[in-house]
Amino acid sequence: MVKENIARIIEEGKEAFALATEEMVFAELEKKYLGRKSDLSDILKGLKDLSPEEKREAGPLANEGRLVLERAAEEARTRIASFKLASEEHIDITVPGRKPAVGHLHPITRLTHEVEDIFSTLGFSVVGGQEVETEFYNFDALNIPSDHPARDMQDTFWIDSEGLDSQYVLRTHTSSVQVRYMEAHTPPFRIVIPGRAFRNEATDASHEHTYHQFECLMVDERGKVTVAHFKHIAEMFFREFFGRDVKVRLRPSFFPFTEPSFEFDISCILCDAKGCPVCKQSGWLEIGGAGMIHQKVFEKAGYDAGKYQGFAWGFGLTRLAMMKYGVTDIRLFMDGDIRFIRQF
Ligand code: PHE
């Protein structure tokens, strides 16, 4: 009898602890199965009235049963505690997530990559250069001697070069890389040179002392590269860049390092050449300078006179960015106002 009673209490108790999910219920069960007045305690207390035989059987059974119930109680306690924790840390899965703050590339950097990609598909390689350049590569090598009025076309930041091997300047254009590259390479080649250029001039909505340029050179033997190549490549480039057909217009101009020289315009992409404030009602946007590389430049690079022919083309990337994004003040790109940059 006693044996069966003990077994039943243990089974019931185990089951009750396993089902307990609340602290209050658990406290009740603890009292009922493990407390001083529990059924099991009563049995243990009553052992002394039993026959020696029954005692021998029931004693160990009751003690073992108590251990089993204590273990069941312990499990229940841990489980209930973890339930409580989860419900206190209530997680609302409908709350929108918090986006980690990651930076992004500057719009000018992005456009630089875009322009490089387009030229790469046209077979051009991307070439670097130096921003602090000698007077020679920035001017003399490009057929701009020191007494030439063309030096005044570009207000220059002169660098104090006392004790140095040459007079240094902040390059006024990426054309400074032309002869540097040619000295080390033999035509044919097709290259683009992206980079910063600097002008010592008063700034306003369309002038900035630091701006980004792109230089483009294509050189081969005499007769193989013509103005027609330039115009075609320019048209292909702008079609890709703006994602639509763009007309290119050449106007006669002058640069000491090209002959003939052109200013070139594209049809206004903001008003579809109908006339707007940005193109000053003309339907055309001035983009940059270009021309057939002057033989004097080839000579400075050490090439044989008359052997090669090619075009050079320089345009302002910052200006292109203004057109692409409809920005009317060039200074916004470089003044570091994060509110402006975040819009891109
Ligand atoms: N370097 C010239 C400028 O900055 C542009 C140019 C480049 C013109 C190549 C002709 C050929 O104004």
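Helices here are DSSP runs of H or I with at least four residues, strands are runs of E with at least two, and both are numbered from the N terminus. With that in hand, R36 is easy to place: R36 sits in the loop between α2 (23–34) and α3 (39–46). Before going further, please keep in mind that this is a predicted model, in which local features need pLDDT of at least 70, side-chain atom pairs count only at pLDDT 80 or more, and totals for chains, interfaces and linings use all residues. Residues are numbered from 1 along each chain as its sequence is written, and side-chain values use heavy atoms, with hydrogens and water left out.

Let us stay with that loop for a moment. A residue is called buried under 20% relative accessible area, exposed over 50%, and partly exposed in between (1.4 Å probe, protein chains only). R36 counts as exposed because its relative accessibility is 73%. Leaving aside neighbours within four places in sequence, R36 is in contact (heavy atoms within 4.5 Å) with S41 and K45. S41 belongs to helix α3, and S41 counts as buried because its relative accessibility is 11%. The side chain of S41 reaches the backbone oxygen of R36 at 3.4 Å. This is a polar contact, meaning a pair of N or O atoms within 3.5 Å; within protein, one must be able to donate a hydrogen and the other to accept it, and residues adjacent in sequence count only if both atoms are side-chain atoms. Not counting residues up to four places away in sequence, S41 touches G35 as well as R36.

Now to the sheets. Strands of a sheet pair through backbone hydrogen bonds, either parallel or antiparallel. In this model two strands are taken to pair if DSSP finds at least two bridges between them. Seven strands form an open sheet with mixed pairing, and their order is β1-β5-β6-β10-β9-β8-β7. β1 (125–126) and β7 stand at the edges with a single partner strand each, so one side of each has no neighbour in the sheet.

Inside this sheet, β6 is a good strand to follow. β6 runs antiparallel to strand β5 (residues 189–198), and ten bridges join the two; in this pairing, I193 has E215 of β6 as its bridge partner. β6 also runs antiparallel to β10, with nine bridges between them, and here Q213 is partnered by G316 in β10. β6 is mostly covered, with eleven of its twelve residues buried.

Towards the β7 edge, strand β7 (residues 248–255) and strand β8 (residues 258–267) run antiparallel and are joined by seven bridges. β7 and β8 form a hairpin with two residues between them. F255 has T258 of β8 as its bridge partner, while S253 stands opposite S261 in β8.

There is also an open sheet of three strands, antiparallel in its pairing, with the order β2-β4-β3. Its edge strands, β2 (132–134) and β3 (158–159), each pair on one side only. Two bridges hold β3 and strand β4 (residues 168–170) in antiparallel pairing, and W158 finds its bridge partner in V169 of β4.

Helix α7 (residues 177–184) brings us back to the seven-stranded sheet. Its buried residues are V177, Q178, V179, Y181 and M182. What covers them includes α6 (135–138), β5, β6, β9, α9 (295–300) and β10.

Finally, which residues lie closest to the ligand? The ligand is surrounded by 13 residues, the closest being H173, S175, R199, Q213 and G314; a residue is near a molecule if one of its heavy atoms lies within 4 Å of it. A polar side-chain atom of H173 is 3.0 Å from a nitrogen atom of the ligand, and an N or O atom in the side chain of S175 is 2.8 Å from a ligand nitrogen atom. Q213, already met in β6 as the bridge partner of G316, places a polar side-chain atom 2.9 Å from an oxygen atom of the ligand. Taken alone the ligand exposes 330 Å², and the protein buries 91% of that; such areas come from the Shrake-Rupley method with a 1.4 Å probe. The elements giving two or more residues to the shell are β6 (210–221), β9 (284–293) and β10 (308–316), and β10 provides the largest share, three residues.
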